[in-house]
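Work through the exercises below with the model open. Each task is followed by a solution in steps.

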Amino acid sequence: MKTYEYIVVGGGPAGIFSAIYAGNLGIKTAILEKKNKIGKKILISGSGQCNITHTGEVKEFLTKYGNHGKFLRTAIYKYSPKDLQKFFKDNGLELLPREDGKIFPKTKRSVDVVELLYTLCKKFNVDIIEECEVLTIKHKNNFTLNTTLGNFVSKNILLSTGGVTYPQTGSDGQGYSLAKNLGHKIIKPKPCLTPVYIKDFPFTNLAGISFKNISISIFDETKKNNESKGDILFTHKNLSGPGILDNSRYIKKGNKISFNFIDTTLEQFKENFIKYTNDHGKNLTKTFLNTYNLPERFIKHILFVAEISECLKISSLNKKIRDNLGKLLIDYQYEITKLDGIDVGMATNGGINLKEIDSKTMESKLIKGLYFGGEIMDIDGDTGGYNIQAAISTGILAARNIKIVNDRK
Ligand SMILES: Cc1cc2nc3c(=O)[nH]c(=O)nc-3n(C[C@H](O)[C@H](O)[C@H](O)COP(=O)(O)OP(=O)(O)OC[C@H]3O[C@@H](n4cnc5c(N)ncnc54)[C@H](O)[C@@H]3O)c2cc1C
């Protein structure tokens with residue numbers, strides 16, 4: 001039986017940063033990690049380059065977590081993206097923002113991030129105990145953690161076992177059972193940050209074409225659920241790109257999705273069409289569509305779907321065909337058949353119910369000394385570095401508040 005002042009269950013960014021922070025305060029800390037190495041998900045993040053965080057002010061950050069940004073207020077204000085950038089700089093790993101605001105290590109190697117974290121754990125005497133799967137946790141005065149390497153005891157523990165996606169990295173949902181056995185409620189987890197499939201996918205021939213900052217709307221049977229602007233990408237089998245991935249948290253099978261490819265209303269389109277026909281009636285419809293700066297392949301596709309011959313003059317289009325063309329460009333609703341699964345989703349929507357966690361400390365409202373950090377909670381961020389930042393900020397907030405810290409103040 002080994003005793004620590006603080007035990008972190010799960011060595012992802014939330015757990016590692018929490019442990020380093022506690023270790024730096026002189027708290028006897030261990031990370032119990034079931035895989036043979038910590039930080040497996042960091043290694044694959046940002047396509048192996050690790051998009052650690054994002055430029056922008058905290059206020060803006062908090063809008064990137066669906067309806068749950070408010071919960072992260074204290075965590076991200078107390079350990080902000082700027083604090084995180086300073087941390088890496090002070091520890092000799094320079095970060096660089098890309099033009100789109102995403103921040104990566106200058107070396108573009110996520111392995112450099114993980115290596116630095118190993119070094120810092122060593123520096124602050126954090127014990128990293130790998131291949132140590134936590135099987136059950138019991139609480140009386142202390143927590144007793146039964147693991148594949150025997151029992152561990154601590155007054156304070158952090159559950160930072162991640163979500164359910166990419167289970168080969170170790171985050172396979174086991175942490176939910178541990179939390180459930182301690183009395184916590186779980187909001188049903190589902191993969192998010194995933195591509196979206198639509199019925200009879202019509203865009204196969206457009207694979208590789210992307211649209212920047214277009215309006216995307218999601219509908220359930222009765223109403224519009226969400227409207228946002230974002231970049232989309234057609235692949236050969238589904239819809240992807242940041243605008244789709246970020247919206248996936250709102251989407252269910254059977255919902256509908258529409259895109260405004262030309263940033264105009266149906267009314268305005270009709271007016272433009274009539275004016276263009278009056279002025280240039282002999283021009284081809286495709287020449288008119290070119291005025292919207294649409295990709296050539298996309299124009300061909302839309303004309304095909306609207307059953308308009310490419311050699312048809314615009315003046316020969318009747319009202320019905322014109323209105324159908326406008327609809328295809330502005331608000332045609334495609335039926336969603338599925339989202340990609342746990343092997344593809346980059347985050348998990350759902351997790352520990354936030355109502356049972358104190359957002360000012362990350363401590364459980366049910367059990368003193370039990371803390372949560374990162375994706376195990378019902379938090380998921382947009383693409384762009386928001387998930388790693390949230391994991392780190394919540395992990396650090398927990399470490400700042402563990403009982404031993406307060407005892408020593
Ligand atoms: C392909 C991909 C790319 C991504 N790219 C980015 C990106 O560029 N930027 C970004 O911000 N986010 C990215 N994300 C999301 C981000 O990686 C996660 O949100 C983040 O890693 C969550 O951190 P965490 O510490 O909460 O959990 P995790 O990183 O999931 O770590 C949890 C750890 O707990 C361990 N564990 C689980 N159960 C137990 C147990 N019972 N006992 C002991 N250990 C256990 C696991 O083995 C794992 O090591 C990406 C995700 C994926 C899948």
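**Exercise 1. Salt bridges**

How many salt bridges does the structure hold?

Solution. The model is predicted. The structure holds 18 salt bridges.

Task: characterise the bridge formed by aspartate 231.

Step 1. Find the partner. Aspartate 231 pairs with lysine 212, and their closest N and O atoms are 3.4 Å apart.
Step 2. Place both ends. Aspartate 231 lies in strand β13 (residues 224-234). Lysine 212 lies in strand β12 (residues 210-219). The two are 19 residues apart, and the pair links distant parts of the chain.
Step 3. Check exposure. Aspartate 231 has 25% relative accessibility, so it counts as partly exposed, the class between 20% and 50%. Lysine 212 has a relative accessible area of 66%, so it is exposed.

Task: do the same for the bridges of lysine 223 and glutamate 363.

Step 1. Lysine 223 forms a salt bridge with aspartate 220, with 3.3 Å between the closest N and O atoms. At 46% relative accessibility, lysine 223 is partly exposed.
Step 2. Glutamate 363 meets lysine 368 at 3.9 Å, N to O. This passes, because the cut-off is 4 Å.
Step 3. Compare the ends. Glutamate 363 is buried at 14% relative accessibility, whereas lysine 368 is exposed at 63%.
Step 4. Look for shared partners. Arg249, Asp380 and Asp382 are joined into one network by salt bridges that share partners.

**Exercise 2. Two domains**

Task: describe how domain 1 and domain 2 meet.

Step 1. Set the bounds. The domain assignment gives domain 1 as 2-190 + 349-408 and domain 2 as 195-339.
Step 2. Locate the centres. The C-alpha centres of the two domains lie 41 Å apart.
Step 3. List the contacts. Nine residues of domain 1 touch seven residues of domain 2.
Step 4. Take the area. The domains bury about 580 Å² between them, with 36% of it on carbon and sulfur atoms.
Step 5. Find the main contributors. Lys190, Asp382 and Thr383 supply 60% of the area that domain 1 buries against domain 2. No other three residues supply more.
Step 6. Add the charges. Two salt bridges run between domain 1 and domain 2. Arginine 249 and aspartate 380 meet in a salt bridge through their side chains, at 2.7 Å, N to O.

Which residues does asparagine 387 contact, leaving aside neighbours within four places in sequence?

Step 1. Asparagine 387 sits in helix α13 (residues 386-401).
Step 2. Its relative accessible area is 19%, so asparagine 387 is buried, under the 20% limit.
Step 3. Its contacts are Leu193, Ala347, Asp380, Gly381 and Asp382.

**Exercise 3. Rings**

How many aromatic pairs does the structure hold?

Step 1. The count is 22 aromatic pairs.
Step 2. Classify one. The ring centres of phenylalanine 201 and phenylalanine 203 are 5.7 Å apart, and their planes stand at 80 degrees, so the pair is edge-to-face, the class for angles over 60 degrees. Both phenylalanine 201 and phenylalanine 203 are buried.
Step 3. Classify another. Phenylalanine 259 and tyrosine 334 are 6.3 Å apart, centre to centre, with 40 degrees between the planes. That pair is tilted.
Step 4. Place the second pair. Phenylalanine 259 is in strand β15 (residues 256-260) and tyrosine 334 in strand β16 (residues 333-339), 75 residues apart. Phenylalanine 259 and tyrosine 334 are both buried.
Step 5. Join the rings. One aromatic cluster includes Phe201, Phe203, Phe259 and Tyr334, with Phe211 and Phe298 also among its members.

Which charged ends sit over the rings of tyrosine 4 and tyrosine 197?

Step 1. Over tyrosine 4 sits the charged end of lysine 28, 5.0 Å from the ring centre.
Step 2. Over tyrosine 197 sits the charged end of lysine 338, 4.5 Å from the ring centre.

**Exercise 4. One glycine**

Is glycine 374 buried or exposed?

Step 1. Glycine 374 lies in the loop between β18 (370-372) and α13.
Step 2. Its relative accessibility is 9%, so glycine 374 counts as buried.
Step 3. Not counting residues up to four places away in sequence, glycine 374 touches Ala14, Ala391 and Thr394.

Technical notes: Residues are numbered from 1 along each chain as its sequence is written. This is a predicted model: local features need pLDDT of at least 70, side-chain atom pairs count only at pLDDT 80 or more; totals for chains, interfaces and linings use all residues. Side-chain values use heavy atoms; hydrogens and water are left out. Rings of Phe, Tyr and Trp (its six-membered ring) pair if their centres lie within 6.5 Å; planes under 30 degrees apart count as stacked, over 60 as edge-to-face and the rest as tilted. Buried means under 20% relative accessible area, exposed over 50%, partly exposed in between (1.4 Å probe, protein chains only). Helices (H or I, at least four residues) and strands (E, at least two) are DSSP runs, numbered from the N terminus. A charge sits over a ring if NZ of Lys or CZ of Arg is within 6 Å of the ring centre and within 35 degrees of the ring normal. Domain bounds come from an automatic or database domain assignment. Contact means heavy atoms within 4.5 Å. Buried area is the accessible area (1.4 Å probe) that two parts lose on being put together, summed over both.
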